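Please look through the structure shown here before reading on, and keep it in view as the paragraphs below move from one part to the next.

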Amino acid sequence: MGLFITFEGPEGSGKTTQMHLLAQYLQARGYDPLITREPGGTRIGDRVRAILLDPIHEEMGAPTEFLLFSAARAQHVQELIAPHLAQGGIVLCDRFADSSLAYQGYGYELDLEAVRSITEFATGGLVPDVSFYLDLPVETGLRRKVGGHGDDWNRMEQKGVDYHQRVRAGYLAMTSQDPDRWVVIDATASVSEIQVAIRRAIEGRGLLPSGRRVG
Ligand code: TYD
């Protein structure tokens, strides 16, 4: 039933660039992947995203933040991702549920079991077929981010280095718990080296749907 690929990584890891390069590669091979991102991707998700990133919401508590990400995700799965996969399509998603595990669960030290079970409820149990984790030392990522995309994500990026260290440790814990799904890539490598590693992983796992190339 289709192929669901997600891209995860810290601030400034270059995952969005890599996702678009993979999309170009797939398109050149005759596929028509759905390219989407979290939080967002739907009309409702975009409105939730606006609440989440607005620096004025400095009073937002960790559970509220987690539930808002989860609400956007539930809509995203129901409205876009699941229907595309059901048609046998390929979905490329810039962040997915693992971001909530890492940023809200590990980052805020919330109850991980609760975070996992609410996430499973929100996604209907949907888990990516393959997830790329672009790993980067926290300081490098934050430095890359300076002068990046302006004011957009102020509220999320204003958290301290310790927080981002917990996020990274969380990702590394998740990748070692489920090595079959995760492909860990050193994000300090060049853009083209990273892309080669991503394509090789997709091809090497024989993941691309054959026959009807609907997506
Ligand atoms: P994103 O738009 O991917 O920005 P970036 O280019 O920095 O990766 O993500 C925006 C922010 O939202 C980012 O700081 C990570 C955070 N985030 C969470 O904390 N939890 C989530 O579940 C998701 C999807 C994102």
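A cavity, in the sense used here, is a set of points on a 1 Å grid where a 1.4 Å probe fits but cannot get out. In this model, which is predicted, a search of the whole structure finds one cavity of 30 Å³ or more. That cavity will be described further on, after the sheet and the helices have been introduced.

The sheet is open and has five strands, which follow the order β2-β3-β1-β4-β5 with parallel pairing. At its edges are β2, covering residues 34–37, and β5, covering residues 182–186, and each of these pairs on one side only. From one strand to the next, the twist averages 20°. Within this sheet, strand β1 (residues 3–8) runs parallel to strand β4 (residues 130–135), and four bridges join the two. A reader who wishes to locate this pairing can start at I5, whose bridge partner in β4 is V130.

Across part of the sheet lies helix α3, made of residues 62–86, which covers β1, β2 and β3 (90–94) and runs at about 145° to β3. How does α3 lie with respect to helix α4? The axes of α3 and α4 (residues 97–108) come within 10 Å and cross at roughly 175°. Because angles over 145 degrees count as roughly antiparallel, α3 is roughly antiparallel to α4. On the α3 side the contact is made by A62, E65, F66, F69 and R73, while α4 contributes A97, S100, Q104 and Y108. Sorted by class, the residues in this contact of α3 with α4 are five nonpolar, two polar and two charged.

Two loops deserve a careful look for their backbone geometry. In the loop between β2 and α2 (43–53) lies P39, and the peptide bond from E38 to P39 is cis, with omega near -10°. The loop between β3 and α4 holds R95, which has a positive phi of about 75° although it is not a glycine.

From here the text turns to the spaces in the model, returning to the cavity named at the start. The largest cavity holds about 60 Å³ of space, and its lining consists of P10, E11, P137, V138, G141, L142, H164, V167 and R168. Helices α6 (138–145) and α8 each supply at least two residues of that lining. By class, the lining of the largest cavity comprises five nonpolar, two polar and two charged residues.

A pocket, by contrast with a cavity, is an open set of points. The second largest pocket has a volume of about 350 Å³ and is lined by 18 residues, among which D98, L101, R116, V127 and R181 lie nearest its centre. Which elements give two or more residues to the lining of this second largest pocket? They are α4, α5 (112–123) and α8 (161–177). Its lining has nine nonpolar, four polar and five charged residues. Helix α4 therefore appears twice in this account, since by the contact definition of heavy atoms within 4.5 Å residues such as A97 and S100 of α4 take part in the contact with α3, and α4 also gives two or more residues to the lining of the second largest pocket.

Key. Residues are numbered from 1 along each chain as its sequence is written. This is a predicted model: local features need pLDDT of at least 70, side-chain atom pairs count only at pLDDT 80 or more; totals for chains, interfaces and linings use all residues. Side-chain values use heavy atoms; hydrogens and water are left out. Two strands pair if DSSP finds at least two bridges between them. Axes are lines fitted to C-alpha atoms, for helices over the stretch in contact, and angles run from 0 to 180 degrees between N-to-C directions. Angles under 35 degrees count as roughly parallel, over 145 as roughly antiparallel, 65 to 115 as roughly perpendicular and the rest as oblique. Ala, Val, Leu, Ile, Met, Phe, Trp, Tyr, Cys and Pro count as nonpolar, Asp, Glu, Lys and Arg as charged, and the others, Gly among them, as polar. On a 1 Å grid over the protein atoms alone, a cavity is a set of points where a 1.4 Å probe fits but cannot get out, and a pocket is an open set with protein on both sides within 12 Å along at least five of seven lines; lining residues have an atom within 4 Å of a point. Grid points are joined across faces, edges and corners, and a volume is the space filled by probe spheres set on the points.
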